[in-house]
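Here are my notes on the model, as numbered points. Please read them with the structure open.

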Amino acid sequence: MTKVNTLSKLVLICGLTAATLSAGSAFAKGDGYKQGHSQARFLLSERAADKLALTQGQQTQLKAIFTAQKTQIKALRSQDKNARKAQRQAYKAQMDALLSAPNFDENAAKELLTARQDKKQQLGLIKLKTQHQVMQLLNAEQKEKLAKIQQRMNKKHRKHRA
């Protein structure tokens with residue numbers, strides 16, 4: 001009976017730990033920027049302002065740049081969940097039709113892939129334009145410091161992925 005109680009307590013502790021960790025990551029987003037947008041989150045933080053010696057004007061401009069990026073991406077992704085769901089279902093139906101057809105239609109496959117790539121390309125362009133604006137805002141010393149910080153961040157990220 002004690003082994004069962006101990007096991008129950010262990011399961012309860014594991015469950016609570018998992019719930020606590022997942023709740024913590026949900027609250028860690030901050031400023032409305034998603035977890036994956038680490039550059040925006042970093043550059044808008046007080047830590048970045050200190051490490052890069054950003055002026056108040058630069059901080060204001062960075063906030064405006066990332067807010068504009070966020071608006072552009074939201075517009076591109078379309079807010080309506082039902083519309084996105086319908087697009088996914090239509091794409092899936094087209095893919096199913098393509099794969100179940102007796103003969104492979106290479107042109108139809110290229111059209112499907114091209115339509116999907118266009119949206120990814122537009123997202124990539126928005127992100128690159130934002131990075132360009134950020135780099136134009138920083139002076140040479142700040143660019144060097146940012147490059148070193150990014151190298152450290154990438155090194156840590158690669159270490160955690162391996």
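1. Start with Gln 59. Leaving aside neighbours within four places in sequence, Gln 59 is in contact with Ala 49 and Leu 54. Gln 59 sits in helix 4, which spans residues 56-77. The model is predicted, and every value below should be read that way. At 25% relative accessibility, Gln 59 counts as partly exposed. The cut-off for buried is under 20%, so Gln 59 does not fall in that class. Its C-alpha is separated from that of Leu 137 by 9.8 Å, although their positions lie 78 residues apart along the chain.

2. Leu 43 is the residue to look at next. Leu 43 belongs to helix 2, residues 38-43. Is Leu 43 buried or exposed? Leu 43 is buried, at 2% relative accessibility. With neighbours within four places in sequence set aside, Leu 43 is in contact with Ala 48, Leu 52, Leu 54, Leu 62, Phe 66, Val 134 and Leu 146. Leu 54 also appears in the list for Gln 59. From Leu 43 to Lys 63 the C-alpha distance is 8.7 Å, with the two 20 residues apart in sequence.

3. Check the backbone at Ala 53. Ala 53 has a positive phi of about 55 degrees, yet Ala 53 is not a glycine. The residue lies in the loop between helix 3 and helix 4.

4. Now the overall layout. The protein has 7 helices and 0 strands. Along the sequence the pattern reads α-α-α-α-α-α-α. Of the 162 residues, 17% are buried. Among contacts with a separation of 6 or more, 61% join residues 24 or more positions apart. The accessible surface comes to about 12,800 Å². Carbon and sulfur atoms account for 57% of that surface.

5. Leu 99 deserves a look too. Leu 99 lies in helix 5, residues 81-100. At 62% relative accessibility, Leu 99 counts as exposed. The cut-off for exposed is over 50%, so Leu 99 passes. The C-alpha atoms of Leu 99 and Ala 109 are separated by 9.3 Å, and the two residues are 10 apart along the chain.

6. Next, charge pairing. Side chains of opposite charge can pair when their charged atoms come close. How many salt bridges does a search of the whole structure find? The search finds 3. They are taken in turn below.

7. In helix 5, Asp 96 and Lys 92 are 4 residues apart, about one turn of the helix. Their side chains meet in a salt bridge at 3.3 Å, N to O. Asp 96 is partly exposed, at 40% relative accessibility.

8. In helix 6, residues 106-137, Glu 106 and Lys 110 are 4 residues apart, so about one helical turn separates them. Their salt bridge is 3.5 Å, N to O. Both ends have intermediate accessibility. Glu 106 is partly exposed at 46%, and Lys 110 is partly exposed at 48%.

9. In helix 7, Glu 141 and Lys 145 are again 4 residues apart, about one turn of the helix. The salt bridge between their side chains is 3.3 Å, N to O. Glu 141 is exposed, with a relative accessible area of 52%. Lys 145 is partly exposed, at 30%.

10. Finally, inspect the surface charge. Which residues gather in a patch of positive charge on the surface? They are Arg 47, Lys 51, Lys 148, Arg 152, Lys 155, Lys 156, Arg 158 and Lys 159. Helix 3 (46-52) and helix 7 (140-161) each supply at least two of the patch residues. The largest share, 6 residues, comes from helix 7.

11. Arg 47 is a patch member placed in helix 3. Arg 47 is exposed, with a relative accessible area of 52%. Patch members need over 30% relative accessible area, so Arg 47 meets that cut-off. Helix 7 contributes to the patch and also holds the Glu 141 and Lys 145 pair.

Key: Residues numbered from 1 in each chain as written. Predicted model: local features only at pLDDT ≥ 70, side-chain atom pairs only at ≥ 80, totals over all residues. Heavy atoms only, no water. Patch = residues over 30% accessible without salt bridge, like charges linked within 9 Å, V, L, I, M, F, W, Y side chains within 5 Å. Areas by Shrake-Rupley, 256 points an atom, 1.4 Å probe, with all protein chains shown as cover. Salt bridge = Lys/Arg side-chain N within 4 Å of Asp/Glu carboxyl O. Lys, Arg positive; Asp, Glu negative; His and termini not counted. Charge placed at Lys NZ, Arg CZ, Asp CG, Glu CD. Buried < 20%, exposed > 50% of the residue type's maximum accessible area, 1.4 Å probe, protein only. Contact = heavy atoms within 4.5 Å.
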